[in-house]
Amino acid sequence: MGFRMKITGGTEDIVFDERSITRVDFNSASSPDSNARATDFGMTVKVWGKMLYKRGADEGDATLGIAQWSQVPSERPDCYRSAEITVVSAGQVVRQITLPDAFVMEYSEEVDDESGVGTFYIHMKQKKDENAAAKIEGGFGGE
């Protein structure tokens with residue numbers, strides 16, 4: 001099983017392939033004090049992965065792109081971007097989660113100078129008044 005992530009809506013697309021993403025956690029939650037389905041619910045996606053540096057390569061560093069996105073202030077419209085997470089199993093797409101108006105709740109990087117391996121974590125949330133535009137799809141055929 002593998003994961004892909006594509007963030008669009010900024011100056012450049014931010015793309016991660018199966019080699020980078022190690023874990024994805026999708027969450028849809030209503031208020032814990034609600035006794036019925038509340039209109040006030042949130043959708044979040046948390047993603048963990050490896051930092052794959054590309055020294056001198058043609059492509060940019062995707063983790064640098066999300067680190068920069070995490071710093072965009074709320075006054076700027078590009079703080080909201082489209083985040084698409086794809087789950088791939090045996091070469092087939094089995095699930096696709098799209099948050100069309102996602103913003104960064106939390107971003108962190110951890111680097112170990114002994115092993116030379118870096119990891120990242122991003123916590124994204126869908127803009128609440130745009131929840132209806134989010135998609136969770138599955139049942140795809142082969143790629």
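These legends go with a set of close-up views of a predicted model.

**View 1. The whole chain, before zooming in.**
The protein chain has one helix and eight strands. Reading from the N terminus, the elements go β-β-β-β-α-β-β-β-β. Of the 143 residues in the protein chain, 34% are buried. Take the contacts between residues at least 6 apart in sequence: 59% of these link residues at least 24 apart. The accessible surface adds up to about 8700 Å², and carbon and sulfur atoms account for 45% of that.

**View 2. S20, tucked into a loop.**
S20 sits in the loop that runs between β2 (14–16) and β3 (21–30). Is S20 buried or exposed? It counts as buried, because its relative accessibility is 7%, and the cut-off for buried is under 20%. Setting aside residues up to four places away in sequence, S20 touches W48, G49, K50 and L52.

**View 3. F41 and its partners across the chain.**
F41 belongs to strand β4, which covers residues 41–51. With a relative accessibility of 17%, F41 counts as buried. A29 is twelve residues from F41 in sequence, yet their C-alpha atoms are 5.5 Å apart in space. Once neighbours within four places in sequence are left out, the residues in contact with F41 are S28, A29, S30, K128 and N131. So here A29 turns up as a contact of F41, with heavy atoms within 4.5 Å.

**View 4. T98, a buried threonine in β6.**
T98 is part of strand β6, and that strand spans 92–111. Its relative accessible area is 14%, so T98 is buried. What does T98 contact, apart from neighbours within four places in sequence? The list is S82, A83, E84, A134 and K135. Strand β5 (81–89) takes in S82, A83 and E84 from that list, while K135 falls in β8 (135–138).

**View 5. Salt bridges at the N-terminal end of the numbering.**
The model has five salt bridges in total, and two of them are picked out here. In one, the side chains of D13 and K6 meet with an N to O distance of 3.9 Å. Both of these residues are partly exposed: D13 has a relative accessible area of 45%, and K6 has 37%. In the other, R19 pairs with D17, and their closest N and O atoms are 2.9 Å apart. R19 counts as exposed at 51% relative accessibility, whereas D17, at 27%, counts as partly exposed.

**View 6. A salt-bridge network around D78.**
R76 and D78 meet through their side chains in a salt bridge of 3.0 Å, N to O. The two partners differ in cover: R76 is partly exposed, with a relative accessible area of 42%, but D78 counts as buried at 17% relative accessibility. Salt bridges with shared partners tie R76, D78 and R81 into one network.

**View 7. A90 and its positive phi.**
A90 has a phi of about 50°, a positive value, although the residue is not a glycine. Why point this out? Most residues other than glycine have a negative phi. A90 lies in the loop between β5 (81–89) and β6. It is also exposed, with a relative accessible area of 80%.

**View 8. An acidic patch on the surface.**
Which residues gather in a patch of negative charge on the surface? They are E110, D112, D113 and E114. D112 is found in the loop between β6 (92–111) and β7 (118–126). At 34% relative accessibility, D112 counts as partly exposed.

**View 9. A132, out in a loop.**
A132 is in the loop between β7 and β8 (135–138). Buried or exposed? A132 counts as exposed, with a relative accessibility of 82%. P100 is 32 residues away from A132 along the chain, and the C-alpha atoms of the two are separated by 9.9 Å.

Technical notes
Residues are numbered from 1 along each chain as its sequence is written. This is a predicted model: local features need pLDDT of at least 70, side-chain atom pairs count only at pLDDT 80 or more; totals for chains, interfaces and linings use all residues. Side-chain values use heavy atoms; hydrogens and water are left out. Patches are made of residues with over 30% relative accessible area and no salt bridge: like charges are joined within 9 Å, nonpolar side chains (Val, Leu, Ile, Met, Phe, Trp, Tyr) within 5 Å. Accessible areas come from the Shrake-Rupley method with a 1.4 Å probe; for residues, only the protein chains shown count as cover. A salt bridge is a side-chain nitrogen of Lys or Arg within 4 Å of a carboxyl oxygen of Asp or Glu. Lys and Arg count as positive and Asp and Glu as negative; His and the chain ends are not counted. The place of a charge is taken as NZ of Lys, CZ of Arg, CG of Asp or CD of Glu. Helices (H or I, at least four residues) and strands (E, at least two) are DSSP runs, numbered from the N terminus. Buried means under 20% relative accessible area, exposed over 50%, partly exposed in between (1.4 Å probe, protein chains only).
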